[in-house]
Amino acid sequence: MTKFHILAAIASLAIASPAFAEGDIEKGEKTFKQCKSCHMIANGDEVLLKGGKTGPNLYGIVGRVMGSEEDFKYGSGLITANEAGIVWDEEAVAEYVGNPKDYLQEVTGDSGAKTKMTFKLKKGGEDVAAFLATMGPASE
């Protein structure tokens with residue numbers, strides 16, 4: 001196989017594989033305003049972004065095991081994801097905010113998986129994920 005053939009094969013694999021597009025942090029911060037009615041971002045007593053308490057605190061969500069915020073009562077889908085040790089990464093956050101129920105059913109394999117989050121972010125999920133990745137201990 002020639003060098004050209006190898007490069008062509010690599011290029012075709014790259015095109016065929018779905019790539020996760022990196023989000024825009026600034027756009028994500030603006031889009032997150034839609035999430036603030038239910039979620040806050042706080043590191044202990046230090047509130048980084050005021051918001052509601054209906055949903056869990058999203059400080060450090062990227063890199064955290066799903067459904068692991070203390071003292072929050074999660075739906076069955078996030079409980080199952082937690083038990084399986086599934087970790088939030090930017091791609092997972094972006095997919096989840098787009099369609100929480102469908103995402104949890106897919107990653108847990110449980111067609112009855114439920115979530116308390118009913119909001120679906122039609123666009124900008126990768127931006128929100130990029131923003132949230134900056135809101136945690138790894139980014140400080």
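Let's start with helix H3, which spans residues 76–84 and has Gly77, Leu78 and Ala81 as buried residues. These three cover an arc of only 90° around the axis, which puts them on the same side of H3. Their packing partners are helix H4 (90–98) and helix H5 (100–108). Just after H3 comes Gly85, whose phi is positive at about 75°.

A word on the source before going further: this is a predicted model, and every value here is computed from it.

**The overall fold**

The protein has six helices and two strands. Followed along the sequence, they give the pattern α-α-β-β-α-α-α-α. Of its 140 residues, 34% count as buried. If you take the contacts between residues at least 6 apart in sequence, 47% of them join residues at least 24 apart. The exposed surface comes to about 8900 Å², and carbon and sulfur atoms supply 55% of that area.

**Helix H6 and its surroundings**

How many of the nine residues of H6 are buried? Seven of them are, so H6 is largely enclosed by the rest of the structure. The buried residues are Gly125, Asp127, Val128, Ala129, Ala130, Phe131 and Leu132. What covers them includes H2, E1, E2 and H4.

The link between H2 and H6 can also be followed through C-alpha distances. Lys30 has its place in helix H2, and its C-alpha atom is 8.4 Å from that of Val128, although the two residues are 98 apart along the chain. Glu29, also placed in helix H2, is 8.8 Å from Ala130, C-alpha to C-alpha, with their positions 101 residues apart in sequence. On the H2 side, Lys30 counts as exposed because its relative accessibility is 58%, whereas Glu29 counts as partly exposed at 42%.

**Aromatic rings**

The structure holds four aromatic pairs. A pair of aromatic rings is described by the distance of the centres and the angle of the planes. Here are two of the pairs in those terms:

| Pair | Centre to centre | Angle between planes | Geometry |
|---|---|---|---|
| Phe32 and Phe131 | 5.6 Å | 50° | tilted |
| Phe72 and Tyr74 | 4.8 Å | 65° | edge-to-face |

What does the pair of Phe32 and Phe131 tie together? Phe32 lies in the loop between helix H2 (25–31) and strand E1 (41–43), while Phe131 belongs to helix H6 (residues 125–133), so the pair ties together parts that are 99 residues apart in sequence. Both Phe32 and Phe131 are buried.

The rings of Phe72 and Tyr74 fall on either side of the 20% cut-off for being buried: Phe72 counts as partly exposed because its relative accessibility is 21%, whereas Tyr74 is buried, with a relative accessible area of 14%. Phe72 has a further partner, as the charged end of Lys116 sits over its ring, 5.7 Å from the ring centre.

Elsewhere, Trp88, Tyr96 and Tyr103 come together in one aromatic cluster.

**The salt bridge**

The structure holds one salt bridge. Arg64 and Glu69 form it, and their closest N and O atoms are 3.1 Å apart. Is Arg64 buried or exposed? Arg64 counts as buried, because its relative accessibility is 16%. Its partner Glu69 counts as partly exposed at 23% relative accessibility.

**A backbone detail at Asp71**

Most residues other than glycine have a negative phi, and most peptide bonds are trans. Against that background, Asp71 may catch your eye: its phi is near 65°, a positive value in a residue other than glycine. Asp71 has its place in the loop between strand E2 (46–49) and H3. At 82% relative accessibility, Asp71 counts as exposed.

**Pulling it together**

If you have the structure open, three places are good to view in turn. One is the buried side of H3, where Gly77, Leu78 and Ala81 meet H4 and H5. Another is H6, with its seven buried residues and a cover that includes H2, E1, E2 and H4. The last is Phe72, with Tyr74 as its edge-to-face partner and the charged end of Lys116 over its ring.

How values were computed: Residues are numbered from 1 along each chain as its sequence is written. This is a predicted model: local features need pLDDT of at least 70, side-chain atom pairs count only at pLDDT 80 or more; totals for chains, interfaces and linings use all residues. Side-chain values use heavy atoms; hydrogens and water are left out. Buried means under 20% relative accessible area, exposed over 50%, partly exposed in between (1.4 Å probe, protein chains only). Helices (H or I, at least four residues) and strands (E, at least two) are DSSP runs, numbered from the N terminus. The arc is that of the directions from the helix axis to the C-beta atoms. Contact means heavy atoms within 4.5 Å. Rings of Phe, Tyr and Trp (its six-membered ring) pair if their centres lie within 6.5 Å; planes under 30 degrees apart count as stacked, over 60 as edge-to-face and the rest as tilted. A charge sits over a ring if NZ of Lys or CZ of Arg is within 6 Å of the ring centre and within 35 degrees of the ring normal. A salt bridge is a side-chain nitrogen of Lys or Arg within 4 Å of a carboxyl oxygen of Asp or Glu. Accessible areas come from the Shrake-Rupley method with a 1.4 Å probe; for residues, only the protein chains shown count as cover.
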